[in-house]
Structures are given as C-alpha cells and as structure tokens.
Amino acid sequence: MVPRIGLTTSPTALEGRPVEALERVFVDAIDGVGAVPVILPVLDPARARSVVEGLDGMLFSGGGDVHPSWYNSLPSPHLGTVDPPRDAWEIALARAGVARGLPMMGICRGAQVINVALGGSLVQHLPDVTDLAHCVKEECSRPVHTVRIEGGSRLRTVVGTEVLGVNSLHHQAVAEVGDGLASVAWADDGTVEAVEGLARNRIFGVQWHPELMTASPGHGELFQWLAEESATSAKALASAPAATAAA
Ligand code: MN
C-alpha cells in the first residue's frame with residue numbers, strides 16, 4: 001500500500017498574490033521513498049481532524065517562529081516572523097495526528113510545532129544563550145556541527161550512529177519537552193536537536209534539515225522510516241473498518 005504523507009506549507013506571496021510555498025526538496029524526499037506527497041494548505045483548524053483522516057503520515061516542514069503565546073511566554077525582542085493562522089492550523093494538525101496515531105516527522109519549525117502542540121516550550125533565540133553557531137545559511141547542505149544521539153532511542157536505531165554531523169538553520173530550539181515526547185539528541189552546547197515520541201507515538205522532531213542532506217548516511221533514513229511507518233499505518237487503518245464490522 002502506497003502511503004499518503006501530508007506536507008505542511010509556508011504561506012507567502014508571489015507577484016503580490018498569496019501562495020502556499022513548499023521547497024521542492026521535501027516533495028522529492030517523500031517521493032524518493034515511494035510515498036505520495038500530499039501538499040497541505042493552511043486551513044481553518046476545525047478542518048484538521050478530517051484532513052488527517054485522509055492521510056497515513058505527516059511531515060511538518062520548516063518556516064518562521066511559533067508565536068510564544070502558544071507556550072505562555074511573552075515575545076522576545078529577537079523573535080522572528082510569526083504567522084498566527086499557520087500556527088493555529090499546524091498545532092491543530094499535530095494534535096489531530098497524535099489522536100489518530102499517525103506517524104509524524106517535524107523538521108526545524110516542524111519539530112518546534114509538534115513540541116508546542118504537545119505542551120512544550122521553546123528557546124526563542126539561541127544566540128542569547130549559546131555561542132555555538134546554529135544558523136549557518138552559507139552551508140545549508142553540509143554538516144556544521146554534530147549531535148549526540150541517546151543510546152536506546154528510536155532515533156539512534158533509525159540513524160544508525162551515536163554522533164551525526166548535521167546542517168543547522170535555526171535560531172530557536174526545544175526548551176521544555178512536550179507530553180509524550182523525550183529529547184534524544186543534543187548539540188555540544190546542550191541545545192536539544194531532536195525529540196521523539198514515547199512508547200507507541202511514532203514521532204520524530206529534528207532541528208536540522210535532513211531533506212537537504214538525503215545523500216548523507218543517517219539523513220535519508222529518516223524519510224525511509226516515515227514512509228515505512230506510514231505504510232504500516234495505512235494498512236492498519238484500512239483493516240480497521242473490517243475489524244469493526246466483524247465485532
Ligand atoms: Mn543546530
């Protein structure tokens with residue numbers, strides 16, 4: 001069964017007219033592991049549950065900052081661009097995905113969205129708390145720092161190594177970890193670089209950009225994992241009505 005993986009988008013404008021933008025690398029990464037990329041526009045959060053019912057997995061893409069009111073904090077002077085309708089939509093989508101038990105991966109902002117949706121908080125501006133460079137745009141497809149991945153974590157199994165070189169294009173990071181998540185990878189300065197779902201929650205949130213490094217060992221595997229888990233999810237959901245009918 002070919003899984004359908006929803007991809008969140010960044011509202012922007014083209015020639016003055018609104019568009020939903022998504023870097024092509026996300027589409028290629030999902031297409032490249034045999035899944036169908038389903039591009040999701042920002043909608044009314046009330047639609048989240050029905051949208052999730054048409055999907056087998058979700059990938060939360062990158063973008064601007066989550067408004068700190070979502071984690072009961074006041075905006076830092078260094079807060080970047082925020083998009084309240086996108087926040088509300090993606091947070092509803094993440095919660096609906098968890099409720100349905102869908103496999104989900106969040107990348108950069110996507111990891112932050114999932115964490116906040118589950119009650120976690122964020123560091124609003126890393127340069128205020130660390131000297132390690134986490135926003136190196138000149139080297140977006142090459143490792144600029146390493147992360148250490150917790151032994152025994154699901155991420156360690158999927159990535160296959162304890163120390164992974166990663167690119168880094170973020171100025172925020174996970175602070176308090178959301179319910180049902182655990183932090184499982186850190187940079188040398190202690191910055192949380194990845195969270196994963198506990199027990200049966202098939203969730204990864206990574207602060208780096210594996211979609212820009214799919215050819216490097218340990219990065220493409222994350223998309224492979226998402227496709228495999230989504231295929232399993234598709235099969236389970238397809239057999240659910242039959243099981244209900246038999247009961
Ligand atoms: Mn980093």
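Is Trp 225 buried or exposed? I started there and found that Trp 225 is buried, with a relative accessible area of 6%. Note to self: this is a predicted model.

**Aromatic pair**

Next I looked for ring partners, and the count came to one aromatic pair. I found Phe 204 and Trp 225 in it, with 4.3 Å from centre to centre and 40° between the planes, so I logged the pair as tilted, given that stacked needs under 30 degrees and edge-to-face over 60. I then checked where the two rings sit: Phe 204 is in strand β13 (residues 203-206) and Trp 225 is in helix α6 (residues 220-246), so the pair ties together parts 21 residues apart in sequence. I looked up Phe 204 too, and at 0% relative accessibility it counts as buried.

**Manganese site**

Which protein donors does the manganese ion have? I listed His 134 (ND1), His 145 (NE2), Ser 168 (OG), His 170 (NE2) and Glu 193 (OE), lying 2.2 to 2.3 Å from the ion. Along the chain I read the spacing of these donors as H-x10-H-x22-S-x1-H-x22-E.

I picked out two of the donors to place them: His 145 lies in strand β8 (residues 145-149), while Ser 168 is in the loop between β9 (163-166) and β10 (173-174), so this pair ties together parts that are 23 residues apart in sequence.

Last check was on burial, where I used the cut-off of under 20% relative accessible area. His 145 comes out at 8% relative accessibility, so I put it down as buried. Ser 168 has 0%, so it goes down as buried as well.

Note on methods: Residues numbered from 1 in each chain as written. Predicted model: local features only at pLDDT ≥ 70, side-chain atom pairs only at ≥ 80, totals over all residues. Heavy atoms only, no water. Donors = N, O, S within 2.8 Å, 3.2 Å for Na, K, Ca; no water. Helix = DSSP H or I, 4+ residues; strand = E, 2+ residues; numbered from the N terminus. Buried < 20%, exposed > 50% of the residue type's maximum accessible area, 1.4 Å probe, protein only. Phe/Tyr/Trp six-rings, centres within 6.5 Å; stacked < 30°, edge-to-face > 60°.
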